[in-house]
Amino acid sequence: MKKRTFIKTLGMGMGFGSVAGIPAFGKDQPAPKNLLPHRLQPGDRVGLISPSAATGDIMEFTFAREALEALGLQVQEGKYLSSRRGHLAGTDAERAADLNEMFGNEAIKAIVCIRGGSGAARILPLINYQVIQNNPKPLLGYSDITALHNAVHAQTGLVTFHGPNGSGSWNPFNADQFRTVFFGEQNKITYQNEQEDTDDLVIKKNRIRTIYPGKASGELVGGNLTVLTALAGSPYLPDFKDKILFLEDIGEEPYRIDRMMSTLMLMGVFNEIKGFVFGQCTDCDPSGGYGNLTIDQILDDYLLHLKIPAYRGAMIGHVPKQFLLPFGAKMTMDAETGILETNGPIFQ
């Protein structure tokens, strides 16, 4: 018997630089205010695009379409969805064009990224942020889509959604979240790890570890650690002041996690945030050598002395069952219970 507690109801630019006359947000400009997307409804038409890596298996296009249709939506594929240039899903201009077209098309009510991989950061200067600002709608994806979440929020203030990609896992857990977040009418959404009953005296799966106890409130930002830190020094990162930062990663050894955490530390991020949530670090085991810091030691080194609420183990990341989180939305967190909760509207 499973106990589900994860979620409760309570034109494109011509080159790099400024796009369509909209200067890139920088340190000398105020961050845009939060912009809420319009709510999605069953039967709506959504756009399926590939802003990152190419999809090698042709059946993945079928799986993504069928999953979205099973969720009660109509699907319109991007013009360049199945394009390919090297490891990328088409040229930078083509991938940016699909994103801009979907935001500008009034018939499209939400945009779903079919997969991550790498390459989304290449199109950030080609995105028409004015079109996005004028047509706020949900954008869904994770992993390399972290680049889009951060850039779109930094440039427009739009609340986007960090969660399953179109060709990802659509098990009952993820499908239930999708319906609750996008189709529900709840005033509050609570995210808490699912715990399964076992024959063991102690529940071991999906346990959280409190790094530092306490509660915090703030807008939720973050995503994949590797992609996030690769945006350092660019105008495509949001302001971290008084935010709750969430992170996840895959296939990175602990010393690389440490290096990226040190990048965030040197940027001053940890001194600005109000709370911290680390999800899953899948396949982040150390290789040989003289020894390694553990992920727990690394997190403690960067966070404990700050005495801000922090925990690890949330169902965020490259795992079959994952939270569908509103990026940029006002949230509260409890580091002792491992709960994230919306603290205001996420749709207009």
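These are my notebook entries on what I looked up in this structure.

**Entry 1: the whole chain**

I started by reminding myself that this is a predicted model. I then went through the secondary structure and found nine helices and 17 strands in the chain. Next I checked the radius of gyration, which is 19 Å, close to the 20 Å that the globule rule gives for 348 residues, so the chain is as compact as a globular protein of that length. The C-alpha trace spans about 55 × 50 × 40 Å along its principal axes.

How much of the chain counts as buried? I get 55% of the 348 residues. For the outside, I noted about 14,800 Å² of exposed area, with carbon and sulfur atoms supplying 50% of it.

**Entry 2: the cysteines**

I searched the whole structure for disulfides and came back with one. Cys-281 and Cys-284 form it, and I put their sulfur atoms 2.1 Å apart. Which hand does this disulfide have? The torsion about its S-S bond is about -75°, so I wrote it down as left-handed.

I looked up cover for both partners. Cys-281 has 15% relative accessibility, and because buried means under 20%, it counts as buried. Cys-284 is at 6% and also counts as buried. I looked at Cys-113 too, and at 0% relative accessibility that residue counts as buried.

**Entry 3: strand β13 and its neighbours**

I moved on to strand β13, which covers residues 275–282. Is this strand mostly covered or mostly open? It is mostly covered, with seven of its eight residues buried.

Which strands pair with β13? One of them is β12 (residues 244–250), and I count six bridges between the two, in the parallel sense. I picked out one contact here: Ile-250 has Thr-282 of β13 as its bridge partner. Another is strand β14 (residues 310–312), which runs parallel to β13 and is joined to it by three bridges. For that pairing I noted Phe-278, whose bridge partner in β14 is Arg-312. I flagged Arg-312 for the next entry, since this arginine also turns up in a network of salt bridges.

**Entry 4: salt bridges**

How many salt bridges does the structure hold? I find 13.

I followed Arg-209 first. Its side chain meets that of Asp-296 in a salt bridge, at 2.8 Å from N to O. Arg-209 lies in strand β10 (residues 209–212) and Asp-296 in helix α9 (residues 295–303), so this pair ties together parts that are 87 residues apart in sequence. Arg-209 also meets Asp-300 in a salt bridge, here at 3.0 Å from N to O. Asp-300 lies in helix α9 as well, so this pair ties β10 to parts that are 91 residues apart in sequence.

I then asked which residues make up the network around this arginine. Arg-209, Asp-296, Asp-300 and Arg-312 are linked in it.

Are its members buried, partly exposed or exposed? I checked three of them, starting with Arg-209, which counts as partly exposed at 28% relative accessibility. Asp-296 counts as partly exposed at 27%. Asp-300 is partly exposed too, with a relative accessible area of 22%.

I also pulled up a salt bridge between Asp-200 and Lys-204, at 3.1 Å from N to O. Here Asp-200 counts as partly exposed at 38% relative accessibility, whereas Lys-204 is exposed at 62%.

**Entry 5: a nonpolar patch**

Last, I looked at the surface. Which residues make the nonpolar patch I found there? They are Ile-58, Met-59 and Phe-63, and the patch is about 310 Å². I looked up where Ile-58 sits, and it is in the loop between β3 (45–49) and α1 (59–70). Its relative accessible area is 64%, and because exposed means over 50%, I recorded Ile-58 as exposed.

**Quick recap for myself**

I want to come back to two spots on screen. One is the disulfide of Cys-281 and Cys-284, with both cysteines buried. The other is the network that links Arg-209, Asp-296, Asp-300 and Arg-312.

Technical notes: Residues are numbered from 1 along each chain as its sequence is written. This is a predicted model: local features need pLDDT of at least 70, side-chain atom pairs count only at pLDDT 80 or more; totals for chains, interfaces and linings use all residues. Side-chain values use heavy atoms; hydrogens and water are left out. Patches are made of residues with over 30% relative accessible area and no salt bridge: like charges are joined within 9 Å, nonpolar side chains (Val, Leu, Ile, Met, Phe, Trp, Tyr) within 5 Å. Accessible areas come from the Shrake-Rupley method with a 1.4 Å probe; for residues, only the protein chains shown count as cover. A salt bridge is a side-chain nitrogen of Lys or Arg within 4 Å of a carboxyl oxygen of Asp or Glu. Helices (H or I, at least four residues) and strands (E, at least two) are DSSP runs, numbered from the N terminus. Buried means under 20% relative accessible area, exposed over 50%, partly exposed in between (1.4 Å probe, protein chains only). A disulfide is a pair of cysteine sulfur atoms within 2.5 Å. The radius of gyration is taken over C-alpha atoms; the globule rule is 2.2 Å times the number of residues to the power 0.38. Two strands pair if DSSP finds at least two bridges between them.
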